[in-house]
Amino acid sequence: MQGPRASLAIENLWKRYDGKTAVEGLSLAVQPREVFGLIGPNGAGKTTTLKIIVGLLRPDFGRVVLDGHDILGQPYDYKASIGYLPEATTLPDYLSGVEFLTFVGRLREVPREALGLRMTDLLHRLDLDGPKRDLIVTYSKGMRQKLAFAASVIHQPSLLILDDPLIGVDPAGQYAIKEEARTVTRRGGSVIVSTHMLDTAEKLCDRIAIMQHGRIAAMGTLAELRSTSRAGADATLEDVFLKLTEEAGQPAPPETSRRTLLGMRR
Amino acid sequence: MNVGRIRVVYGFKLRQFFGPVRHSAATIVILGFAAFITLPVVLIVGYFLPDTPAWRSTGLSELLATALSAFLAFDLLFGLSGGTLTHPAEIDFFATSRLRPREYLLADLLFQFTVTDALAVPALLVAGLGLGIRTGQWTAIGSAVLLLLGFAAMGLALGQGVGLLVAAGKRGAKAALIGLVILLMLPAGHMFWPPLPEYAALPFPSTAAAQVVVGLLGLLRGTDITVPAATLGLFAAAVAAVWVWASGRDVFPNLRPTMRIAFGQTDLRKVAMQQEALTRGLSVLTRRISVDLMKGAPLGMMSRFHLVRILRDGSMLIVGLLTGMLVLIGSANRLSDAPTSEVSILTTGWAALMIPMILSFNWNATERPNLWTVAMAPQYLSTYFRGFYRAVALVTVGAGIIGAVAGAVATPLGIVAALVMAVASCGIAVSLMAAIRIPSDAFSLKSVLPFLIVPPISIAIGAPVVAVALLMGSFNPAAWALAIGYAVFVIAIFDRVPARAASRFQL
């Protein structure tokens, strides 16, 4: 039986840097109305995957399909529907929060009258309406992260991609960010979130992929992951993660599939 | 192309870059004061330009070609870091929108032109005004200024175009670019080694631009400028072709965050990071030079460590630019009809004072926070600063000698005086940094301290050599013996001072 149409599908994605494989034959599908979690140790290939989706990296091989369109064939227009919060972003010090959001909103082609309302709403919910006219250079780390998040959702994207979104953010800010992510899914969109905060991933994500060495070690709902890992019904995501990554850390079988790809490029 | 999006990106870049000016009344006052001081001087220089030896020199076109080649070489070297002035937020939030690469690159090119010309245009216009008042050749001067601005724009477009090819990892692009820079600067060596061809003998765009400018000003008597003008036209067409080809690709995956500072930024850490970002393209050279920390005595190891750090953190870019200016001024002086030794001594002395301060400020911004590693082994703290002093002294004296050789008209004792000053300024600058904790994230009274202390004391320490030269004559053997003895004494003293200052070091 055919399932619901995936809003995002990644098929056999490969990426190498300087002779090292960062992403190795990755395939996954993210459904509409779903918060999809990507977790994994440092260097597992999470950020590389997200950067390929948003067009900041070119894969060596594979397909990324958003709502039926191959994004590598049409590398610009699809970006209108995505929002991206990078890991450890650097914001322009000498703009105010409002100025920065205005620039991003105008580039995202949000109508001017709607942009003002949207900014007011976002800044209020993220508790940034007080310092909104202050220069970003005066913002704390958490305030910067919240402002960057506001910039990533200013145009109400249907696919929101968050790379470690809660680092340095206070509990109220974390709640606001998670609420805004859920708003995206309530509107029918999807969210992909990469995080090292496993308790957050456990509560926020509908499905989770555990990545290691550029591959998916396991993927599914928490219940499915518990079953895969044989970690027990009460196991937390942390228990499951440690068990699965330990198993995935064992020596890999011969890479026949990679050999077949040598010399093949899109 | 969507003009609205180009305007948004250009507006963002401008507002970010000129942010400190927009938001700080003090910065506006300082800039206004600088303009008030500088522009009348530029006007006077423009007015008296026809009286200078360089203006009447037959080598004027060659000198201008050298300067324009250096400008073009700098644009090409900038291409090594990616060719665009990109703030990290532009990659994260603009390159992930529907913006097209060509829209982004056009906005970036406009921005590069605006920031590079923010200082050059007023200076050129005011100098042109002075020259116009003197000569009355308004049309020729206006045309020359426009041509120089057009040449600058072409250089920027070329730097961006080839930079994109380098960033895309095109095979051989980096090597070709470095080869082009060497080729472009090779004729500058004609001043030192005549068998090398001079610019006038080569169909370089910089030669053509220089000949057209000098021709427009009526200084190339009896020479037709049709050929150089046609060469320049061909160059413009080639640049346009490279740019159109390079900008027609998806460049966003190759954008590099090269723009981290704003005009008037007070955070010296970010200024240092900017230098590093701009020279990252040269990592193919700098990474190959490594330091074996297992070899030799601790002092030698520390000196080598600092030399490699200076090379890698981008400080060498500034040293290189200052040395280039020394060579240009020295060569211009030597080739003029009435070369004077004072020019060489003054410029070498100026570099001797500036380079140690730049290097020590860069150290304070980037390395000081990392010094907990050395502070945990305090017995090596004095060795660390002694090594730092030796590395800075080596770089400064090296730059000074290159400048002195380029000038080649200074009296030897004058050069010794400048080099004694260099050693003293290195010792004092490094000692100050060791003894005083200067904040690197904002200007403070302490930040000004090295500028108040280093130059006067260093000049005072160099003064006895000048006195000996004046009183006993530059070629008197006794004067030489005295000067060399004094230089050795100064070197020996300052080899110890930074180590003493290290005892006051606080992280």
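**View 1. Here is the largest nonpolar core of this predicted model.** This core has 216 residues. Which residues have the most contacts inside it? They are A150(A), I161(A) and V420(B), so look for these three when you find your way around. Helix α19 of chain B, residues 412-435, gives the most to the core, with 18 residues. The core also draws on two domains of chain B: at least three residues come from domain 1 (9-252), and at least three from domain 2 (268-504).

**View 2. Zooming in on I161(A), one of the best-connected core residues.** Leaving out residues up to four places away in sequence, what does I161(A) touch? The list runs L50(A), I53(A), V54(A), I82(A), G83(A), Y84(A) and I192(A).

**View 3. Six strands of chain A make an open sheet.** Follow the order β6-β7-β8-β3-β9-β10, and note that the pairing is mixed. Which strands stand at the edges? They are β6 (82-85) and β10 (215-220) of chain A; each has a single partner strand, so one side of each is left without a neighbour in the sheet. On average, and ignoring direction, neighbouring strands are turned by 15° against each other.

**View 4. A parallel pair in the sheet, with a helix packed on it.** Strand β7 (residues 159-163) of chain A pairs with strand β8 (residues 190-194) of chain A in the parallel sense, over five bridges. To spot the match-up, find L159(A), which stands opposite S190(A) in β8(A). Helix α5 of chain A, residues 171-186, packs on the sheet and touches β3 (35-39), β7 and β8 of chain A. The direction of α5 makes about 145° with that of β8(A).

**View 5. Now for an antiparallel pair, β9(A) and β10(A).** These two strands are joined by five bridges. One bridge partner to look for is I216(A) in β10(A), which is matched with M211(A). The hairpin of β9(A) and β10(A) has two residues between the strands, and H213(A) takes a positive phi near 50° there. Helix α7 (residues 222-229) of chain A lies across β9 (207-212) and β10 of chain A, running at about 120° to β10(A).

**View 6. Chain B is a chain with helices and no strands.** How many helices does chain B have? You can count 22 of them, with zero strands. Of its 507 residues, 46% count as buried. Take the contacts in chain B between residues at least 6 apart in sequence: 81% of these join residues at least 24 apart.

**View 7. Two helices of chain B packed together, α8 and α9.** Helix α8 covers residues 138-167 of chain B and helix α9 covers residues 173-185 of chain B. They pack at an angle of about 145°, with their axes 8 Å apart. On the α8(B) side, the contact is made by V162(B), L165(B) and V166(B); on the α9(B) side, by A173(B), K174(B) and L177(B). Sorted by class, this contact has five nonpolar residues, one charged and no polar.

**View 8. Finally, the place where chain B touches chain A.** Here 25 residues of chain B are in contact with 28 residues of chain A. On the chain B side, α1 (3-17), α2 (19-23) and α6 (88-94) each supply at least two residues. The largest share, six residues, comes from α6(B). By class, this side of chain B has 13 nonpolar, six polar and six charged residues.

Key:
Residues numbered from 1 in each chain as written. Chains lettered and ligands numbered in written order. Predicted model: local features only at pLDDT ≥ 70, side-chain atom pairs only at ≥ 80, totals over all residues. Axes fitted to C-alpha atoms, helices over the stretch in contact; angles between N-to-C directions. Helix = DSSP H or I, 4+ residues; strand = E, 2+ residues; numbered from the N terminus. Contact = placed C-beta atoms within 7 Å. Nonpolar A, V, L, I, M, F, W, Y, C, P; charged D, E, K, R; others polar. Pairing = 2+ DSSP bridges. Buried ≥ 20, exposed ≤ 12 C-beta atoms within 10 Å, placed from the backbone. Core = buried A, V, L, I, M, F, W, Y, C linked by C-beta atoms within 7 Å. Domains from an automatic or database assignment.
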